[in-house]
Amino acid sequence: MEYITLTVDGQTVQVEKGKTVLDAIQAAGIKVPTLCYHPELRPEGACRLCVVEVKGAKTLVASCVAPAADGMEVKTNTPFVREARRTALELLLANHPNDCLTCERNGNCELQTLAHDLGVREVRYQGPKRSAAKDASSPAIVRDPEKCILCGRCVRMCGEVQEVAALGYVGRGWDTMVLPLFDRGLAEVACVNCGQCTTVCPTGAITEKSYVDEVWDALGDPNKHVIVQTAPAVRVSVAEALGMPVGTIATGKMVAGLRRLGFDRVFDTDFTADLTIIEEGHELLERLNSGGTLPLITSCSPGWIKFCEHFYPDLLPHLSTCKSPQQMFGAVAKTYYAEKMGLKPEDIYVVSIMPCTAKKFEAQRPEMTASGVADVDAVLTTRELARMFKEAGIDFATLPDEEYDAPLGISTGAGAIFGATGGVMEAALRTVYEVVTGETLENLDFTEVRGLEGVKEASVDLNGKTVKVAVAHGLANAKKVLERIKAGEGDWQFVEIMCCPGGCIGGGGQPIPVDREKRAARIKAIYEVDASMPMRKSHENPAVVTLYQEFLGKPLSEKSHELLHTHYTPRPRF
Amino acid sequence: MSGCACGNSGPQYPELEEILARYAGQRGALIPVLQEVQAAYGYIFEDAIVRIAEALGIPATSVYGVATFYAQFHLKPRGRHVVRVCQGTACHVRGAAKILAAVEKELGIKPGETTEDLRFTIEPVACLGCCGLAPVMMVNDDTHGRLTPDKVAEILAAYE
């Protein structure tokens, strides 16, 4: 690797050739303000907040796009630089609503933080402000174009990382807006509801649609039996959303906090993740043995499902017919659990805490009513749960550790790793191996499918038969795998696809900001949860075994199909 | 896109398909394609944006972004005759505002709009560059100079 040397504010710094001036500045331990820059996206150099002086350059240089050069002398903090940055910021603020106090992102807004940090105490420029209606057509995501500063981070995330391109620039100059195609609502275009746009938006222009008020209402209704399920990834991120270190495992505190919010039972989506493994594992074996459509592709990630419906409808027969763990939970809760409790499905209110915005859409799919009513009533993101804890005055850090309720709160480590890319695959292999070979799996860790590499491949020996698998996360990576399947090149039997980079721990409902290091820390925590569990194989979950004995019969039974399996709908690409 | 449900065989927009076929596989084809589509159909319609995106392998939001960025592209049907009333400095001091007002009154539309019968579109224009004829307007490629508001109705009546 070739290195170049430059000076930043008098410090000598060495960086790899090809790095930007901003990389060099950060290597020197100096923080310059940025807004359109995001560490996981292609830099665009649009906002001019990261400008610096470079000796010999005629104008200020946008450090996020300027290549670092040998011998460069960079100054990041001169009167000229400070004035230019503040002016650029004031011009953005001149066209921004002054409603910080009631904004969703109040307290976690990059524009607000910069206005504070750069010492903007008045805006010298007055003029008309953009006026545009909110788009609340989607059950998952709300757009408020008046708060948009046109940084384009959502456009790059949606178009380049996810390759969905539901959002684009429209118009020119003052009239420019970021909009879905033909200025339609997000619900009317090929948006997959992944919510990655909400995690990179620096302001409140794109946020999740909140269902907190609905959940408070249900909790306050004495006639409702209100139960909650928590997704695998939430236990390693809710503490982060409340200001604790990234990667803090807070399973017990979260359970305690949910009880204090007033939920009648605190259950775990990990339970139905285990159930998913039993159903999907047997579906795989059935397809392998009976010449079914292969590779089988996982169906846990609702953003991925909608992507497949819009962009690869011809591959829908590859999808597992298994509902996601969230929906299996709703169906089991309002039938099996309702029967046990002597309750009618309509008296139970099921709340999901998800790292995900697409789950809000999934819960509202018309086919997700196996119990006769909506199986899941309200879906909250990790961020919304954190807000409920704050509103209720719960001091999260000092909560005791408490246990989930039985039976739908009993789970294994295999259920927990659903939260990380490769986790569903690994959990399935643990079970499929033992079912097929009848032997005990000695080493449970399938490390080839772990980690943040975009596409991972592995092969597993099952009684002399080799099963080839692939794992992809983030939809651009998923596309690579899908194109190979279409071309008949990928000879895999089983493929895991997760919509969001890193899997669910990097979901669109997770704490903001996010970057590769934070994703890695959350993943590490997920595998620590797995390693600490007394049971780590889904088929050993005693509550799942009982569920089959008492209610479902056997995997892929008629009852299973009625409650736990679903079908898919081809949707238009545009 | 093979055909529509109307019972006729063949593509729904044969001219569009012909244009796209000529640019197949070419990089940087988007703007020329948009120009030719507009020349053929008078404006760029939504189905065309979707079909262009499909054929060129780029997102429809990108095609829409380019089509809305440039003033030369129109996303609504335009009139058979385009009226441009000069708003330059010389025309301004010689009463361009009154000429534009007379055109607006005669046609019942504002600049940027099209009459319901698709006969006329008024297009905003900064300067036509023939100040000696001020105040001036163009209808299609015809120049009408030294105007007074009372001449407007008669001029427009000549364009069916």
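Helices (H or I, at least four residues) and strands (E, at least two) are DSSP runs, numbered from the N terminus. The views below come from a predicted model, in which local features need pLDDT of at least 70 and side-chain atom pairs count only at pLDDT 80 or more, while totals for chains, interfaces and linings use all residues. Residues are numbered from 1 along each chain as its sequence is written, chains are lettered from A and ligands numbered from 1 in the order in which they are written, and side-chain values use heavy atoms, with hydrogens and water left out.

**View 1. A:Pro202 sits in a loop of chain A.** Helix H5 (196-200) and strand E9 (206-208) of chain A flank this loop. With a relative accessible area of 1%, A:Pro202 is buried (buried means under 20% relative accessible area, exposed over 50%, partly exposed in between; 1.4 Å probe, protein chains only). Setting aside residues up to four places away in sequence, A:Pro202 touches A:Leu35, A:Arg105, A:Cys109, A:Glu110, A:Leu111, A:Ile149, A:Cys151 and A:Arg153, where contact means heavy atoms within 4.5 Å. A:Tyr37 is 165 residues away along the chain, yet 9.9 Å separate its C-alpha atom from that of A:Pro202.

**View 2. The domains of chains A and B.** Chain A is divided into domain 1 (3-92) and domain 2 (213-564), and chain B into domain 1 (14-69) and domain 2 (81-157). These bounds come from an automatic or database domain assignment. In chain A, the C-alpha centres of the two domains lie 42 Å apart. For domain 1 and domain 2 of chain B, the separation of the centres, taken over C-alpha atoms, is 31 Å.

**View 3. Helix H10 of chain A is largely enclosed by the rest of the structure.** This helix spans residues 302-311, and 10 of its 10 residues are buried. Among them are A:Trp304, A:Lys306, A:Cys308 and A:His310. The cover over the buried residues includes strand E12 (296-297), helix H12 (358-363), helix H16 (475-486) and strand E17 (494-498) of chain A. A:Glu309 also lies in helix H10 and counts as buried at 0% relative accessibility. Apart from residues up to four places away in sequence, A:Glu309 touches A:Leu316, A:Arg365, A:Tyr568, A:Thr569, A:Pro570 and A:Arg571. For a sense of scale, A:Ser63 is 246 residues from A:Glu309 in sequence and 41 Å from it in space, C-alpha to C-alpha.

**View 4. A:Arg430 is a buried residue of helix H15 in chain A.** Helix H15 covers residues 423-437, and the relative accessibility of A:Arg430 is 0%. Its side chain makes a polar contact of 2.8 Å with that of A:Glu426 and another, of 2.9 Å, with the side chain of A:Asp530. A polar contact is a pair of N or O atoms within 3.5 Å; within protein, one must be able to donate a hydrogen and the other to accept it, and residues adjacent in sequence count only if both atoms are side-chain atoms. Beyond the neighbours within four places in sequence, the contacts of A:Arg430 include A:Gly413, A:Ile417, A:Leu444, A:Phe446, A:Arg450 and A:His539.

**View 5. Helices H11 and H18 of chain A cross at roughly 75°.** The axes of H11 (residues 325-341) and H18 (residues 542-552) come within 12 Å. Axes are lines fitted to C-alpha atoms, for helices over the stretch in contact, and angles run from 0 to 180 degrees between N-to-C directions. The crossing makes H11(A) roughly perpendicular to H18(A) (angles under 35 degrees count as roughly parallel, over 145 as roughly antiparallel, 65 to 115 as roughly perpendicular and the rest as oblique). From H11(A), A:Val332, A:Thr335, A:Tyr336, A:Glu339 and A:Lys340 meet A:Thr546, A:Leu547, A:Glu550 and A:Phe551 of H18(A). The residues of this contact divide into 4 nonpolar, 2 polar and 3 charged; Ala, Val, Leu, Ile, Met, Phe, Trp, Tyr, Cys and Pro count as nonpolar, Asp, Glu, Lys and Arg as charged, and the others, Gly among them, as polar.

**View 6. Backbone details in the loops.** Most residues other than glycine have a negative phi, and most peptide bonds are trans. The bond from A:Ile512 to A:Pro513 is cis, with omega near 0°, and A:Pro513 lies in the loop between E17 and helix H17 (516-532) of chain A. A:Arg48, not a glycine, has a positive phi of about 65° and counts as partly exposed at 39% relative accessibility.
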